[in-house]
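User: I am new to this structure and would like a close look at one part of it. Please choose a single strand and its surroundings, and then show me how that part sits within the whole protein.

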Amino acid sequence: DEKEEQEKEMIFKEEKKELTGEPGPFLGYAIALKKFLYLYDIPNKKASRNFINIEKQHGADDLIVGKYYFIIGGVSDIKAVHGISLLDTTDVSRKQDVIKGRYYSTSIPLKVAFIYTIGGRVSETTLKECEKYSLEKDKWALIKPLNLRRDCATLGVFNTQYIYAFEGRSDGLFVDAIEVLNTFEEESGWIMLPKVSGADSRLPRGGSLCFQKSNGDLLICGGTVTFDSGGLDDVYGFDIYQQKWEKKPMKLPRGAEFYPPAPIYRQHVYQLTYSYINPSYDLMIYSLLQGKFTITNSNMVWRKK
């Protein structure tokens, strides 16, 4: 029908924006206090374990943007930012430090040009501060702070313009408050949404997967309520225009928390998950056209020595 065709067109346009001129898409992560970067080449279904000459600190934020895997902050060096080339993982460069040192922050890329980093912690203090990084200029700038202090938040981008901050912990307690930033009007700052319909049935959490499913819907999946137990398997849709939660009939293949952000390739969302109960890293895939999840670890060699 017409709506489905519009969604397909939107997905195709987003793919072209994200992939043009870039060497990916890749999934990747570095283990804290280790000098290894694990990459998964999505088109070629190939995993690799790469030596790097930098340790990822505990609590550091990490994500892939363009040609680089970024490591931001961490407990031992809270202002450090490193960029590791995806074309040559021995090429590690120190980027400009963040302005406000932090760990357990959440970052998300925008248009393969910027990184937005929000919240986090320093010692026992939860932060509101937010920063924006320009890949072209290698420069951080403070932007308007959050209304609510939070770490381990979930971020989602809508129409490559609006950044939504969901959930996370505020001074040690999980919250369900939602804020939104219009990146075209950053000076207006983060807008706190009023109490959202349908929120009473959804447990406050952190570590969820969030991505745009359609022209008016963000899908928020899984997450955790303790960070030391099994993840959740529920799936909710957040209606942007009606500002309400809707619990979806589908469930994740297993409960999981996620490593953001999730790349989209050929109308599929790819995401690395972690399970505390049976420690393992798996690849979860969501088909935007079929509307369902699958999970696999058959091609993963994250722990191979």
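## A strand with two partners

Analyst: Let's begin with a hairpin: two residues link strand β20 to strand β21. Please keep in mind that this is a predicted model. Strand β20 covers residues 209–214, and five bridges join this strand to β21, with the two running antiparallel. You can pick out one end of the pairing by looking for Ser214, whose bridge partner in β21 is Asp217.

Now follow β21 itself, which takes in residues 217–221. How many of the residues of β21 are buried? Five of its five residues are, and the strand is mostly covered. The cover extends to both faces of β21. Asp217, Leu219 and Cys221 lie on one side and are buried, while Leu218 and Ile220, also buried, lie on the other side. Asp217 therefore appears twice in this picture, because Asp217 is the bridge partner of Ser214 and is also one of the buried residues of β21, where buried means under 20% relative accessible area.

Strand β21 has a further partner in β22, which spans residues 234–239. These two strands also run antiparallel, and five bridges join them. Here the residue to look for is Cys221, which is paired with Val235 in β22. Putting the pieces together, β21 has five bridges to β20 and five bridges to β22.

For a companion example, turn to strand β4, residues 61–65. All five of its five residues are buried, so β4 is largely enclosed by the rest of the structure. Asp61, Leu63 and Val65 point one way, Asp62 and Ile64 point the other way, and all of them are buried. The partner of β4 is strand β5 (residues 68–72), and the two pair in the antiparallel sense over five bridges. One of the residue pairs to find is Val65 with its bridge partner Tyr68 in β5. Two residues lie between the strands of this hairpin, and in it Gly66 takes a positive phi near 60°.

With those strands in view, a few single residues can serve as landmarks. Asn182 is found in strand β18, which holds residues 178–182. Is Asn182 buried or exposed? Asn182 is buried, because its relative accessible area is 15% and the limit for buried is under 20%. The Asn182 side chain reaches the backbone nitrogen of Phe184 at 3.0 Å. Setting aside neighbours within four places in sequence, Asn182 is in contact with Gln161 and Tyr162.

Leu142, in strand β13 (residues 139–143), is another landmark. Its relative accessible area is 49%, so Leu142 is partly exposed. When neighbours within four places in sequence are left aside, Leu142 is in contact with Ile99, Cys130 and Glu131. Glu129 is 13 residues from Leu142 in sequence, and the C-alpha atoms of the two are 7.6 Å apart in space.

Leu27 belongs to strand β1, residues 26–30. With a relative accessible area of 4%, Leu27 is buried. What separates Leu27 and Ala262 in sequence and in space? They are 235 residues apart along the chain, and 8.0 Å apart in space, C-alpha to C-alpha.

Step back now to the whole protein. Its secondary structure comes to one helix and 28 strands, and 52% of the 305 residues are buried. Of the contacts with a separation of 6 or more, 45% are between residues 24 or more positions apart. A search of the whole structure finds one cavity of 30 Å³ or more. The largest cavity has a volume of about 30 Å³, and Asp176, Ala199, Arg202 and Trp245 line it.

Finally, a word on confidence. The average pLDDT of the protein is 86, and 85% of the residues score at least 70. Among the elements, strand β19 (residues 191–192) has the highest mean pLDDT, at 98, and helix α1 (residues 2–19) the lowest, at 52. Over residues 14–21 the pLDDT is below 50, and beyond near neighbours in sequence this stretch has eleven contacts in the model.

Note on methods:
Residues are numbered from 1 along each chain as its sequence is written. This is a predicted model: local features need pLDDT of at least 70, side-chain atom pairs count only at pLDDT 80 or more; totals for chains, interfaces and linings use all residues. Side-chain values use heavy atoms; hydrogens and water are left out. Buried means under 20% relative accessible area, exposed over 50%, partly exposed in between (1.4 Å probe, protein chains only). Helices (H or I, at least four residues) and strands (E, at least two) are DSSP runs, numbered from the N terminus. Two strands pair if DSSP finds at least two bridges between them. A polar contact is a pair of N or O atoms within 3.5 Å; within protein, one must be able to donate a hydrogen and the other to accept it, and residues adjacent in sequence count only if both atoms are side-chain atoms. Contact means heavy atoms within 4.5 Å. pLDDT is the predictor's confidence in each residue, from 0 to 100. On a 1 Å grid over the protein atoms alone, a cavity is a set of points where a 1.4 Å probe fits but cannot get out, and a pocket is an open set with protein on both sides within 12 Å along at least five of seven lines; lining residues have an atom within 4 Å of a point. Grid points are joined across faces, edges and corners, and a volume is the space filled by probe spheres set on the points.
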